[in-house]
Amino acid sequence: MRTLTKPRQRQGSATASSTHAHAHESAIKHVTGRATYIDDIQAPAGCLHLALALSPVAHGRLAPVDMERVRALPGVVDAVGFHDVPGHTDIGPVFPGDPIFVEEEISYAGQVLFAIAAQSQRAAREAVKAAMDAGVVKIDEQPASLDPVAAAERGELVRPTHVQESGDWQATLAMASSVVEGEQFVGGQEHFYLEGQACLVTPTEDEGVVVHTSNQHPSETQKLVAEVLGIPLHAVTVEVRRMGGGFGGKETQASPWACIAALISRRTGRAAKLRLPRAEDMRATGKRHPFHNRYRLGIDEAGVIQGGELTLIGDCGYSPDLSEAIVDRAMFHADNAYSLGQARVTGHRARTHFASNTAFRGFGGPQGMMVIEAAMDDIARRVGEDPLTIRKRNLYRGGEAPLRRTTHYGQTVEQLGLLHELVERLETSSEYWQRRREIIDFNAQSPVLKRGLALTPVKFGISFTAQHLNQAGALLHVYTDGSVQINHGGTEMGQGLHTKICQVVARELGLDLEAVRITATRTDKVPNTSPTAASSGADLNGMAARDACLRLKERLFDFAAANLHADQGLERDGMRLEAGHLVAGSGESQRRIPWGELVQAAYFGRISLSEKGFYATPLIHYDRETGKGRPFYYYAFGAAVSEVQVDTLTGEYQVTRVDILHDVGDSLNPAIDLGQVEGGFIQGMGWLTSEELRWNGDGRLLNEGPATYKIPTFGDLPPVFNVELMEGHPNSMASLYRSKAVGEPPFMLAISVWSALRDALASLVNYREAPRLDTPATPERVLMAAEALRRHAHLETRPSEEVVP
């Protein structure tokens with residue numbers, strides 16, 4: 001006969017402060033190779049491996065594919081195409097337009113025609129090649145639309161044009177003392193996550209599937225897999241322990257591969273694995289949206305913007321994907337940190353024959369900010385002032401007409417004092433004006449090597465612009481030995497979200513961080529989750545985890561007050577958890593009960609030790625009909641000073657120094673936040689300088705790997721790289737411990753590098769004008785900009801020819 005004994009207690013030892021710089025919860029696993037990614041999961045016996053047949057053309061008509069002929073090829077276990085899908089064939093995440101396989105019309109080079117399953121990945125890839133060589137694919141190639149500006153002019157859009165207006169911008173332009181205008185091309189960017197798109201699907205006994213996937217949006221993948229298979233959502237479980245990078249590229253575009261693998265798994269009753277090789281990953285998936293921007297702004301004599309119009313054309317690719325929200329966010333951020341006055345901002349969503357472009361860190365915000373930062377440089381050259389002076393004059397500000405602290409979409413900008421103090425502190429700490437004088441002197445003496453300097457601010461709105469996504473859930477378990485398990489709807493892609501959630505739970509329960517364990521994100525633990533995106537992972541999921549802790553604490557406090565130390569009495573008011581103990585009362589009447597003892601007493605008292613939490617962001621709203629609202633709960637601020645040196649005869653350049661001061665409110669984890677600021681800046685620098693995507697005239701991607709697509713490396717770090725978090729300015733809104741999001745805002749600090757390059761080039765014409773410098777600003781583009789300035793200067797200084805009547 002078994003004897004019931006109490007479980008062994010685990011005592012908490014110290015309070016884990018939410019602001020302590022704890023290491024990443026998987027750091028040791030990362031550096032020792034023990035962290036499990038999709039390709040590390042031991043595949044079940046009999047697992048099938050998948051390979052995809054991709055379209056070699058950007059636009060055309062596909063003749064019906066004889067799938068029986070494909071299935072008869074050597075090594076093929078199964079093969080599926082459009083007509084083999086039992087449920088939905090359109091897997092558009094928000095709007096329709098994304099077929100799982102091509103039925104007839106081919107819309108981009110790299111679109112999936114069909115999939116083959118074999119005993120190994122090599123066998124599957126060889127079978128795809130054999131199928132293509134055997135001529136089973138017949139395509140009537142047609143001209144491709146590859147110019148987004150021309151497409152927008154023809155009205156070829158994936159979603160309707162949207163407009164935001166503030167005041168009589170036309171009259172303002174007409175009355176302005178001067179009008180500055182310009183245009184720019186802002187290039188796209190490949191996500192280049194270290195772990196490519198991958199998934200492993202196993203069938204279940206009840207006609208469902210379990211999907212292991214590298215994925216930022218498990219609930220969306222659950223929904224799409226269920227729809228493709230024609231089964232209920234409860235029959236699909238999606239699990240994500242971690243990703244080897246995401247950056248937005250796995251928000252919507254991880255789902256197709258899970259749907260295809262699930263289709264094979266259910267047809268064969270065997271596990272199915274799909275991992276895209278890098279070249280196929282780059283061909284088949286979308287990028288950051290390239291943008292074509294134009295501006296026309298009226299200014300006064302001091303260079304202060306009075307109003308005008310901005311036009312943004314996003315190259316969306318062949319389908320909507322997330323382009324409505326992405327171009328919206330570009331429009332929301334077309335002001336960056338500056339008052340536009342009375343202005344109109346127009347956003348077009350052009351349809352082209354490229355892979356559907358998608359979310360990428362900043363979600364359109366960086367592309368929108370570029371247009372106004374270009375304008376700041378151009379205004380400075382027009383009025384003969386330093387660009388920093390013009391930027392400071394145009395910052396949002398209080399104490400004047402409400403127009404100067406209200407955005408063009410109607411949201412009041414709060415914490416303006418923080419914005420101004422941050423810029424001024426960085427201006428001082430970076431020795432901006434001293435360096436400016438030294439650079440002017442250097443450039444005057446150096447005909448070839450030119451130095452440039454720029455300080456640019458960042459104001460970035462935090463929240464999903466789709467209101468319903470601003471919600472999160474969490475599930476908390478306390479076990480009888482006192483150990484704690486937390487699960488939430490966010491996903492870990494290396495950014496430290498899980499670490500911060502563990503810190504929240506440890507702080508609320510007064511435990512050491514080691515007492516809290518986080519588990520893989522699963523749709524059967526926390527359902528109906530939002531994607532981990534929009535910099536909202538910690539804000540939303542941290543608040544949900546905290547809510548679960550607060551609910552559980554209240555239950556434990558009520559139980560303790562009524563049942564523990566009844567002879568001595570425990571004061572319910574002021575009861576708290578700290579340093580591994582329940583603490584009641586104060587002074588001589590204080591009582592301390594160890595956490596493990598409390599937990600076991602609650603268990604034997606039949607008190608639930610499990611709790612769910614939920615959070616929904618308050619206050620936010622946006623009316624698309626009027627183009628007005630409060631789409632963001634708060635703004636995060638930052639600023640960066642970058643210095644560059646350019647060889648104007650070759651276009652080669654180096655970023656020699658960077659100083660950053662960034663606002664994260666009261667930091668949840670300074671070590672992780674500093675890492676996010678540093679990494680975001682370097683990734684942004686790559687977007688603006690070296691990461692050039694090239695397609696041929698037929699719409700086929702030419703650079704499909706690291707040999708030809710150049711992301712920043714360790715050697716691209718500036719020799720002097722000073723990064724500091726702004727302290728003493730907690731979030732003015734009731735966020736998680738008054739912290740601020742840190743995922744996306746630092747990315748846009750890198751605009752300072754691009755602006756510094758323009759500054760260096762402007763010295764060629766004695767700072768009379770700023771050159772047009774499209775991005776990425778590769779050495780070739782920098783050289784062409786330098787040559788254009790030299791030609792212009794030569795024409796201006798050449799004596800006019802004498803005209804004889």
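Two strands pair if DSSP finds at least two bridges between them. Helices (H or I, at least four residues) and strands (E, at least two) are DSSP runs, numbered from the N terminus. This is a predicted model, in which local features need pLDDT of at least 70, side-chain atom pairs count only at pLDDT 80 or more, and totals for chains, interfaces and linings use all residues. Residues are numbered from 1 along each chain as its sequence is written, and side-chain values use heavy atoms, with hydrogens and water left out.

**Stop 1: the sheet with β18**

Select strand β18 (residues 484-488) and β19. The two run parallel and are joined by three bridges. Q485 stands opposite R517, which is in β19.

Now add the other strands of this open sheet, whose order is β19-β18-β17-β24. The sheet has four strands and mixed pairing. At its edges are β19 (516-518) and β24 (610-616), each of which pairs on one side only. From one strand to the next the twist averages 25°; axes are lines fitted to C-alpha atoms, for helices over the stretch in contact, and angles run from 0 to 180 degrees between N-to-C directions.

Next select helix α14 (residues 497-509), which lies across β17 (471-478), β18 and β19. Contact here means heavy atoms within 4.5 Å. The helix runs at about 130° to β18.

**Stop 2: helix α16**

Select residues 595-604, helix α16. W595, G596, L598, V599, Q600 and A602 are buried there; buried means under 20% relative accessible area, exposed over 50%, and partly exposed in between (1.4 Å probe, protein chains only). Just after α16 comes R606, with a positive phi of about 60°.

**Stop 3: the sheet with β28**

Select the four strands of a second open sheet, ordered β16-β27-β28-β29. Its pairing is mixed. The edge strands, each pairing on one side only, are β16 (449-462) and β29. Direction ignored, neighbouring strands of this sheet are turned by 15° against each other on average.

How much of strand β28 (residues 653-663) is buried? Eight of its 11 residues are, so β28 is largely enclosed by the rest of the structure.

Look at one neighbour, strand β27 (residues 634-647), which pairs with β28 in the antiparallel sense over nine bridges. E643 stands opposite R657 of β28, and S642 has V658 in β28 as its bridge partner. In a regular strand the side chains alternate between the two faces of the sheet. β27 and β28 form a hairpin with five residues between them. In the turn, G651 has a positive phi of about 85°.

Look then at strand β29 (residues 720-726), which runs parallel to β28 and is joined to it by seven bridges. D663 has M726 in β29 as its bridge partner. To get from β28 to β29 the chain passes through helix α17 (residues 670-689), and this β-α-β crossover is right-handed; that is, with the strands pointing away from the viewer, the path from the first strand over the helix to the second runs clockwise.

**Stop 4: the helices around α18**

Keep that sheet on screen and add α18, which lies across β16, β27 and β28 and runs at about 150° to β16.

Which residues link α17 to α18? F681, M685, L688 and T689 in α17 meet I751, S752, V753 and W754 in α18. The axes of these helices come within 8 Å and cross at roughly 45°. α17 and α18 are therefore oblique to each other; angles under 35 degrees count as roughly parallel, over 145 as roughly antiparallel, 65 to 115 as roughly perpendicular and the rest as oblique.

Helix α10 (residues 365-383) comes next: its axis and that of helix α18 (residues 751-762) come within 11 Å and cross at roughly 30°. α10 and α18 are therefore roughly parallel to each other. Their crossing is right-handed, the near helix being turned clockwise from the far one by less than a right angle (left-handed if anticlockwise). Residues of α10 that make the contact include M369, E373 and R381, while those of α18 include W754 and R758.

**Stop 5: two single residues**

Select G182 in strand β8 (residues 178-186). G182 is partly exposed, with a relative accessible area of 23%. Leaving aside neighbours within four places in sequence, G182 is in contact with N293, R294 and Y295.

Finish at R270, in the loop between α7 (255-268) and β12 (272-275). R270 is partly exposed, with a relative accessible area of 25%. Leaving aside neighbours within four places in sequence, the contacts of R270 include G46, Q119 and P203.
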